[in-house]
Amino acid sequence: MTEQQVINHGIDVKEGDDMTLTTTRNSKHITKQELSNELGKFVGKKERRASSEQKIFCGDYLGLSTSKVVNERISKSGDKQILFADYAIKVNRKNKMQKRLIIITDNALYNMDPTNYKVKRRIPIVDIGSISMSNLPDNFFAIHVPSEYDYLMVSVRKTEIVTLLMREYENLKKSPLSISFNDGFEYKIANNHYRHIQFSKVEGGVNTQIYDKK
């Protein structure tokens, strides 16, 4: 196993590095938290970084709402409005990091190639079964898609992403999206193939370990 120090996007490592064991170090990179009623759903459940409550959401951090190429990509599926756009880290099936462009519309979450905007995957928001996070101040989160496979991701804007998905899911389904907070959780990487990620607090940060679920 290799150990990495986590700083930017939750991880200060190169694309393709092994994510089996990581340590999230407390740093000046903080999660943005919406100053709205949604904030109450996180209070008392997840440990926050200092001053996170005073940050506001911006949505389209990359200015892609005016990108002709991106708008052509999402319009093919009937999506019109970009609510969120930013880079994030996806942990793939080999536990390797992949830099991805994450776009959220009012109907779907897109995983795009950050260089050519090719759509890698489109997840309808109504197909999301739940979202898992730890109780600790790290930047990991899992998007569970019961009909397919899950995503384990890392983003400094995790709280903004989750809050936005909660809001749009409730708008579409008229029921709340299930959010769980635990010291560890499972996620599906393929049919009948699950992994477990475990979080533990250590001096100066959060230790994260990923292993196959037998």
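Phe84 is buried in the predicted model, with a relative accessible area of 0%. The ring of Phe84 takes part in one of the 4 aromatic pairs that a search of the whole structure finds. Its partner is Tyr61: the two ring centres are 5.9 Å apart and the planes stand at 70°, so the pair is edge-to-face. Tyr61 belongs to the loop between strand S2 (21-25) and H1, whereas Phe84 belongs to strand S3, so the pair ties together parts that are 23 residues apart in sequence. Tyr61 has a relative accessibility of 22% and therefore counts as partly exposed.

A further edge-to-face pair is made by Tyr149 and Tyr151, so classed because the ring planes lie at 75°, with the centres 6.1 Å apart. Tyr149 is partly exposed at a relative accessible area of 28%, while Tyr151 is buried at 4%. Arg121 lies over the face of Tyr149, at 3.8 Å from the ring centre. Another charge placed over a ring is that of Lys99, whose charged end sits 4.3 Å from the centre of the Tyr87 ring. Ring pairs also link Phe140, Phe185 and Phe199 into a cluster.

The secondary structure of the chain consists of 2 helices and 13 strands. An open sheet is formed by 8 strands, in the order S6-S5-S4-S3-S9-S8-S7-S10, with mixed pairing. Strand S6 (119-124) and strand S10 (178-182) are the edge strands; each has a single partner strand, so one side of each is left without a neighbour in the sheet. From one strand to the next, the twist averages 30°.

Within this sheet, strand S8 (residues 140-144) pairs with strand S7 (residues 130-134) in the antiparallel sense, over 3 bridges. Ser132 stands opposite Ala142 of S8, and the bridge partner of Ser130 in S8 is His144. S7 and S8 form a hairpin, with 5 residues between the two strands. S8 also runs antiparallel to strand S9 (residues 151-154), to which 4 bridges join it. In that pairing, Phe140 is opposite Val154 of S9. The connection from S8 to S9 is a hairpin through 6 residues.

S8 is mostly covered, with 5 of its 5 residues buried. In a regular strand, side chains alternate between the two faces of the sheet. In S8, Phe140, Ala142 and His144 point one way and Phe141 and Ile143 the other way, and all are buried. Phe140 is thus named in two settings, the pairing with S9 and the ring cluster with Phe185 and Phe199.

Both helices contact the sheet strands. Helix H1 (residues 68-75) lies across strand S3 (82-91), strand S4 (97-105), strand S5 (108-112) and S6, and runs at about 125° to S5. Helix H2 (residues 158-173) packs on the sheet and touches S3, S4, S5, S7, S8 and S10; the direction of H2 makes about 125° with that of S3.

Ile82 also lies in strand S3. With a relative accessible area of 10%, Ile82 is buried. Leaving aside neighbours within four places in sequence, the contacts of Ile82 are with Leu64, Ser65, Val70, Asn71, Ile74, Ile103 and Ile104. Of these residues, Ser65 is 17 residues from Ile82 along the chain, and the C-alpha atoms of the two are separated by 5.8 Å.

Thr208 is located in strand S13 (residues 205-212). Thr208 is buried, its relative accessible area being 0%. The C-alpha atoms of Thr208 and Asp183 are 9.8 Å apart, with 25 residues separating the two along the chain.

Over the chain as a whole, buried residues make up 52% of the 214 residues. Of the contacts between residues at least 6 apart in sequence, 53% join residues at least 24 apart. The chain exposes about 10,100 Å², of which carbon and sulfur atoms supply 46%.

Notes
Residues are numbered from 1 along each chain as its sequence is written. This is a predicted model: local features need pLDDT of at least 70, side-chain atom pairs count only at pLDDT 80 or more; totals for chains, interfaces and linings use all residues. Side-chain values use heavy atoms; hydrogens and water are left out. Two strands pair if DSSP finds at least two bridges between them. Axes are lines fitted to C-alpha atoms, for helices over the stretch in contact, and angles run from 0 to 180 degrees between N-to-C directions. Contact means heavy atoms within 4.5 Å. Rings of Phe, Tyr and Trp (its six-membered ring) pair if their centres lie within 6.5 Å; planes under 30 degrees apart count as stacked, over 60 as edge-to-face and the rest as tilted. Buried means under 20% relative accessible area, exposed over 50%, partly exposed in between (1.4 Å probe, protein chains only). A charge sits over a ring if NZ of Lys or CZ of Arg is within 6 Å of the ring centre and within 35 degrees of the ring normal. Accessible areas come from the Shrake-Rupley method with a 1.4 Å probe; for residues, only the protein chains shown count as cover.
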